[in-house]
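Student: I should like to go through this model and ask, term by term, on what grounds each label is given.

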Amino acid sequence: MSVRTPAGRTTAALAAALTALLLVGCGQDDDPSVATPSAAPTSAAPPSATTAPTPTASATPSAAASTPAVDREITVTIAKRRVDPPTGRITVGKGELVRITVTSDVSDELHVHGYDLGARLPAGTPGLVEFRADKTGLFEVETHETELVLFQLVVR
């Protein structure tokens, strides 16, 4: 014969109540306004009244959804060891999001000094470096193999 203490009965009662709540919460609901876990969220308001779009998940997220707005985009092309636009200084504000895209006619490697960032540059294919300009100063952006200075980045 087993003897139950008041604490044991309370624990058993709590466990039974929790199990009942979980089972009720996991059941199907006939109310169409209640979404099941696998259904997309719905709204009773018309689409024009929605204040913010509901994010949706997909296997391949769009670039706009995964990439924040860039403050400064810098594009450089290298052909026959000539840099276009010609080497010079480019000034950006501290805290700006900078994207540098470089296309070279020969395989190389892009490097941003001071930030220690780099990107492979397969011949004819753009290489990309994106970063927050959080360090002030003057930084050379160059290629490693051909040792070309593309520009000097000034962060103020």
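**Reasoning from values to labels**

Tutor: Let us begin with S104, which has its place in strand β4. Please bear in mind that the model is predicted.

Student: Why is S104 called buried?

Tutor: Residues count as buried under 20% relative accessible area. S104 has a relative accessibility of 3%, so S104 is classed as buried.

Student: What makes the approach of S104 to the backbone oxygen of V106 a polar contact?

Tutor: The cut-off for a pair of N or O atoms is 3.5 Å. The side chain of S104 comes to 2.8 Å from the backbone oxygen of V106. Leaving out residues up to four places away in sequence, S104 also touches I78, P122, A123 and G124.

Student: Where does T146 lie, and why is T146 called buried?

Tutor: T146 is located in the loop between β8 (137–143) and β9 (149–155). The limit for a buried residue is under 20%; the relative accessible area of T146 is 18%, and T146 is therefore buried.

Student: What makes the pair T146 and D108 a polar contact?

Tutor: The two side chains make this contact at 2.6 Å, and the definition asks for N or O atoms within 3.5 Å. The C-alpha atoms of T146 and D108 are 7.1 Å apart, although 38 residues separate the two along the chain. Once neighbours within four places in sequence are set aside, the contacts of T146 are R81, V106 and D108.

Student: How do you know that β8 and β9 pair?

Tutor: Pairing requires at least two bridges between the strands. β8 and β9 have six, in the antiparallel sense. One of the bridge partnerships joins L138 to V154 in β9. The two strands form a hairpin with five residues between them, and E147 in the turn has a positive phi of about 55 degrees.

Student: How do you know that β5 and β8 pair?

Tutor: Against the requirement of at least two bridges, β5 and β8 have three and run in the antiparallel sense. T143 in β8 is the bridge partner of L110. β5 and β6 are also antiparallel and are joined by five bridges; in this region H111 is opposite G118 in β6.

Student: Which order do the strands take in the sheet of five, and why are β3 and β6 called its edges?

Tutor: The sheet is open, has mixed pairing and follows the order β3-β9-β8-β5-β6. β3 and β6 each have a single partner strand, so one side of each has no neighbour in the sheet. Direction ignored, neighbouring strands in this sheet are turned by 20 degrees against each other on average.

Student: What is the order of the open sheet of four strands, and what makes β2 and β7 its edge strands?

Tutor: The order is β2-β1-β4-β7, with mixed pairing. β2 (82–84) and β7 each pair on one side only, and they are the edge strands. The twist from one strand to the next averages 20 degrees. β1 and β2 satisfy the pairing rule of at least two bridges with three antiparallel bridges, and A79 has R82 in β2 as its bridge partner.

Student: Which residues of the largest nonpolar core touch the most other members?

Tutor: Among its 24 residues, these are I100, L110, F131, L150, F151 and L153. At least two residues of the core come from each of β1 (72–79), β3 (89–92), β4 (97–104), β5 (108–112), β6 (117–121), β7 (127–132), β8 and β9. β9 supplies the largest share, four residues.

Student: Why might one expect such a grouping in general?

Tutor: In soluble globular proteins, nonpolar side chains tend to be buried together.

Student: With which residues is I100 in contact, leaving aside neighbours within four places in sequence?

Tutor: The contacts of I100 are I74, L110, V112, G127, L128, V129, F131, V141 and F151. The cut-off applied here is heavy atoms within 4.5 Å.

Student: How many helices and strands does the protein chain have, and how much of the chain counts as buried?

Tutor: The chain has two helices and nine strands, which run α-α-β-β-β-β-β-β-β-β-β from the N terminus. Of its 156 residues, 22% count as buried, that is, they fall under the 20% limit of relative accessible area. Among contacts between residues at least 6 apart in sequence, 58% join residues at least 24 apart.

Terms used. Residues numbered from 1 in each chain as written. Predicted model: local features only at pLDDT ≥ 70, side-chain atom pairs only at ≥ 80, totals over all residues. Heavy atoms only, no water. Buried < 20%, exposed > 50% of the residue type's maximum accessible area, 1.4 Å probe, protein only. Polar contact = N/O pair within 3.5 Å; in protein donor to acceptor, adjacent residues only side chain to side chain. Core = buried A, V, L, I, M, F, W, Y, C linked by side-chain atoms within 4.5 Å. Axes fitted to C-alpha atoms, helices over the stretch in contact; angles between N-to-C directions.
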